[in-house]
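Hi,

Here is the structure I promised to pass on. Have a look at it first, then read my notes underneath.

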Amino acid sequence: MITLGIETSCDETSIGILRNEKEILSNIVSSQIEIHKAFGGVVPEVASRIHVEVINKLIDLALEEAKVDFKDIDLIAVTYGPGLVGALWVGIMTAKTLSLALNKPLIGVNHLEGHLFANFLREDPPKFPFIALIVSGGHTEYILAEDIGKYRILGQTLDDAAGEAFDKVARILGLSYPGGPEIDRISKMGKPIFNFPKIKCDRELDISFSGIKTAVLYLVNDLKKEGKEIPIADIAASFQKRVVEELLERASLALKKFNIKTLVVSGGVAANSYIQERFKEEAIKEDFKLYIPPKELCTDNGVMIACAGYHLYKKGFKSTTTMAELAERRTTEFSAIVFSLTTKSLVRIAP
Ligand code: KG4
Ligand code: ZN
């Protein structure tokens with residue numbers, strides 16, 4: 001079975017082609033980062049326009065690389081949300097068009113679910129139930145994944161997403177966008193000598209990054225006022241350490257609370273070297289199974305959407321392209337965040 005996955009939720013246009021559950025035939029990612037860099041962040045209208053410009057070409061390239069033809073495609077999977085509405089629309093309309101033209105089924109995938117399934121593109125995929133930590137530019141969530149399509153959000157960020165915090169702190173330190181990889185890189189040259197405050201939230205599995213971010217800002221401003229040099233690498237390393245320790249602490253707590261021995265980490269921030277190092281250490285120490293995708297599958301890509309779509313489809317989930325089916329049906333998924341224009345026009349129906 002061949003699944004074509006389309007991802008356009010933010011600033012990456014990506015097409016992935018998957019054979020059965022895990023054979024990646026192609027996964028082409030066209031990043032707009034260089035264009036948005038000039039603005040210090042993603043400009044939604046610009047993102048949509050670039051998706052429109054490149055998507056058809058990317059589909060051709062992905063098919064060519066996969067050595068398959070349109071007629072070989074059995075299923076079309078597309079990110080329906082959450083994300084930038086205009087950007088999502090480009091992928092959704094492309095998917096609907098392909099589905100109608102090829103007369104092949106269509107499945108809408110939640111972007112976070114896509115990130116989660118990036119961990120299934122391997123020989124020994126995680127087994128349900130597991131705890132998932134999704135850390136991306138838009139989300140930070142602890143999830144109890146009970147089965148395919150059945151997730152419970154256990155805790156989440158109360159303000160910025162982890163990736164957003166990395167990006168904002170990088171900007172305070174004068175590093176370029178996106179800041180996550182920059183902080184990761186520069187931290188290797190520094191030492192975590194600054195003690196940023198611990199995060200406190202009312203609910204034990206919630207997290208918040210505004211305190212650390214403000215602490216970094218005050219530190220930099222104070223040093224500037226005193227006319228001192230800013231030890232960028234040391235501040236970056238200290239910030240990164242604090243954030244990773246906090247993420248890990250809650251992940252360990254969630255595992256213990258639900259008596260689960262499998263932790264699945266995904267999303268762009270999962271590409272962070274220190275996350276990978278610390279979580280691996282902890283998995284050995286605390287004896288749990290840790291899944292983190294290879295770096296290229298941590299950030300947004302089409303094949304993770306294809307993979308999630310494949311599993312959902314096999315499980316009996318379906319999508320409709322009509323306006324008639326509204327999002328109220330979707331109660332067990334990450335539905336709180338997805339009631340938008342896009343979800344109204346592409347809804348997934350549970351089996
Ligand atoms: O998952 P993703 O590609 O897009 C969203 O769904 O948001 O995540 C992008 C985020 C950005 O905030 C970026 O700075 C962050 O992931 N990121 C990293 C690293 N690589 C990407 N953060 C920390 N360390 C990294 N190595
Ligand atoms: Zn993402």
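Below are my notes on the helix packing, the ligand and a few backbone details.

A word on conventions first. This is a predicted model, in which local features need pLDDT of at least 70 and side-chain atom pairs count only at pLDDT 80 or more, while totals for chains, interfaces and linings use all residues. Residues are numbered from 1 along each chain as its sequence is written, chains are lettered from A and ligands numbered from 1 in the order in which they are written, and side-chain values use heavy atoms, with hydrogens and water left out.

Let's start with three helices, H5 (residues 162-172) and H8 (residues 232-257), plus H6 (residues 179-187). Helices here are DSSP runs of H or I with at least four residues, strands are runs of E with at least two, and both are numbered from the N terminus. Axes are lines fitted to C-alpha atoms, for helices over the stretch in contact, and angles run from 0 to 180 degrees between N-to-C directions. Angles under 35 degrees count as roughly parallel, over 145 as roughly antiparallel, 65 to 115 as roughly perpendicular and the rest as oblique.

The axes of H5 and H8 come within 11 Å and cross at roughly 165 degrees, so H5 is roughly antiparallel to H8. Their crossing is right-handed (the near helix is turned clockwise from the far one by less than a right angle; anticlockwise would be left-handed). On the H5 side the contact (heavy atoms within 4.5 Å) involves Ala165, Phe166 and Val169, and on the H8 side Phe239, Gln240 and Val243. By class, that contact has five nonpolar residues, one polar and no charged. For these classes, Ala, Val, Leu, Ile, Met, Phe, Trp, Tyr, Cys and Pro count as nonpolar, Asp, Glu, Lys and Arg as charged, and the others, Gly among them, as polar.

H6 and H8 have axes that come within 8 Å and cross at roughly 110 degrees, which means that H6 is roughly perpendicular to H8. This crossing is left-handed. H6 brings Ile183, Asp184, Ile186 and Ser187 to the contact, and H8 brings Ile232, Ala233, Ala236, Ala237, Phe239 and Gln240. Those residues split into seven nonpolar, two polar and one charged.

That leaves H5 against H6: the angle is about 65 degrees with the axes 7 Å apart, so these two are roughly perpendicular to each other. The crossing of H5 and H6 is left-handed. Phe166, Asp167, Val169 and Ala170 of H5 meet Gly179, Gly180 and Ile183 of H6, giving four nonpolar, two polar and one charged.

Now, which residues are closest to ligand 1? They are Gly137, Asp167, Asp184, Gly268 and Asn272, out of 19 that surround the ligand (with a heavy atom within 4 Å of it). There are polar contacts too, meaning pairs of N or O atoms within 3.5 Å; within protein, one atom must be able to donate a hydrogen and the other to accept it, and residues adjacent in sequence count only if both atoms are side-chain atoms. Asp167 has a polar side-chain atom 2.7 Å from an oxygen atom of ligand 1. A side-chain N or O atom of Asp184 is 2.8 Å from a nitrogen atom of the ligand, and a polar side-chain atom of Asn272 is 3.0 Å from a ligand nitrogen atom.

Finally, the backbone. Tyr177 and Pro178 are joined by a cis peptide bond, with omega about -5 degrees, and Pro178 sits in the loop between H5 and H6. Another cis peptide bond links Gly81 to Pro82, with omega about -10 degrees.

Cheers
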